[in-house]
Amino acid sequence: MANLRFPENLDGSTSPWILFNAQRPQYNRRVNAAKVSSTGDSVGLYFPVGHTVADELNYDTGQLGLIGGLIDKFASGGVTNDSVQKLVESARAVGGVGARAGATLAGAGDVYNRANQRVPNPQEFMLFKSPGMRSFSFSFTFVPQSETEADVVPRIIRFFRAAAYPVELDSLEYQFPDTFSISYQQSPDDIIRMPELACTGVSVTYNPNSMSYFTNGNQPVETTLELSFTELRPISRSLVEEGF
């Protein structure tokens, strides 16, 4: 069981910090439900600079078109039922002519539009599709101030990389990787919370600014760790109101 911290005095600080708990995937619809499958491994890190939470909602572009526009007007009392019925019957007749005849009619329509310098108004509108699954990124810079901190950095990196990868059961199957429950410690309640997350990327850079190493063990003086996560399920309004 690993409970790693950086910096080493993290738990005694009054500043906000982040706790990463590894767990078996739950796919909980109620993302704030109790987790019962924690692996017992965790990493606590300082709160990084520029933490961003970006919501994403998916919309498609719909078009009323000529027929849809008239039906929409009819629904609001703008046109008569007879005119809509005739237009629908005409559209069905044109649709049955066949591909070649349809192409010919389309070409004739283009010629007509060019001659009159007008085109039909597609009457576009936004049509809600679904909430998107949000992604979260973290960037940490480790500059150890003691031998203990220097030794814990590679263990923290191994923790995230091991949890992110699947277990090879045999030549045909993988077991799902661990997921993460990420929580804010000693922080304001109004910081947007995160649901169950999958780690989708781990990037490590050794000595990004200089080629310097500690005398004891030749550990890099500076190491950066960049992590990418994506939530397992999209959230809804009720969970937003609960702080997610």
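Me: Contact means heavy atoms within 4.5 Å. With that in mind, which residues does Gly132 touch, not counting residues up to four places away in sequence?

Reply: The model is a predicted one, and in it Gly132 lies in the loop between β5 (124–131) and β6. Gly132 counts as buried because its relative accessibility is 8%, where buried means under 20%. The C-alpha atoms of Gly132 and Asn58 are separated by 6.1 Å, although their positions lie 74 residues apart along the chain. Leaving out residues up to four places away in sequence, the residues that Gly132 touches are Glu56, Leu57, Asn58, Glu231 and Pro234.

Me: How many helices and how many strands are there in the protein chain?

Reply: The protein chain has 244 residues, and buried residues make up 28% of them. Among contacts with a separation of 6 or more, 74% come from residues 24 or more positions apart. As for regular elements, the helices number five and the strands eleven.

Me: Which element gives the most to the largest nonpolar core?

Reply: This core holds 29 residues, and those touching the most other members are Phe20, Phe138, Ile156, Phe160 and Phe229. Several elements each supply at least two residues of the core, including β2 (17–23), β6 (135–142), α4 (147–164) and β11 (223–231). With eight residues, the element that gives the most to this core is α4.

Me: Is Arg134 buried or exposed?

Reply: Arg134 lies in the loop between β5 and β6. Leaving aside neighbours within four places in sequence, Arg134 is in contact with residues including Val53, Ile192, Pro195, Phe229 and Phe244. Its relative accessible area is 3%, and because under 20% is the limit for this class, Arg134 counts as buried.

Me: Which residues are joined into one network by salt bridges that share partners?

Reply: Side chains of opposite charge can pair when their charged atoms come close. Asp55 forms a salt bridge with Arg134, with the closest N and O atoms 3.5 Å apart, and this pair links distant parts of the chain, since Asp55 is in the loop between β3 and β4 (57–63) and Arg134 in the loop between β5 and β6, 79 residues apart. The side chains of Arg134 and Glu231 also meet in a salt bridge of 3.2 Å, N to O, with Glu231 in strand β11, 97 residues apart from Arg134. Through these salt bridges with shared partners, the residues joined into one network are Asp55, Arg134 and Glu231.

Me: How many residues apart in sequence are the parts that Arg24 and Asp178 tie together?

Reply: A search of the whole structure finds three salt bridges, and one of them is formed by Arg24 with Asp178, the closest N and O atoms being 2.5 Å apart. Arg24 lies in the loop between β2 and β3, while Asp178 lies in the loop between β8 (174–175) and β9, so the parts tied together by this pair are apart in sequence by 154 residues.

Me: What distance is given for the polar contact that joins the side chains of Gln23 and Glu196?

Reply: Gln23 has its place in strand β2. At 2% relative accessibility, Gln23 counts as buried. The polar contact between the side chains of Gln23 and Glu196 has a distance of 3.2 Å.

Me: Which helix does Arg237 lie in?

Reply: Arg237 is exposed, with a relative accessible area of 67%. Its C-alpha atom and that of Pro131 are separated by 9.8 Å, the two residues being 106 residues apart along the chain. Arg237 belongs to the helix spanning residues 237–241, which is α5.

How values were computed. Residues are numbered from 1 along each chain as its sequence is written. This is a predicted model: local features need pLDDT of at least 70, side-chain atom pairs count only at pLDDT 80 or more; totals for chains, interfaces and linings use all residues. Side-chain values use heavy atoms; hydrogens and water are left out. A nonpolar core is a set of buried Ala, Val, Leu, Ile, Met, Phe, Trp, Tyr and Cys residues joined through side-chain atoms within 4.5 Å. Buried means under 20% relative accessible area, exposed over 50%, partly exposed in between (1.4 Å probe, protein chains only). Helices (H or I, at least four residues) and strands (E, at least two) are DSSP runs, numbered from the N terminus. A polar contact is a pair of N or O atoms within 3.5 Å; within protein, one must be able to donate a hydrogen and the other to accept it, and residues adjacent in sequence count only if both atoms are side-chain atoms. A salt bridge is a side-chain nitrogen of Lys or Arg within 4 Å of a carboxyl oxygen of Asp or Glu.
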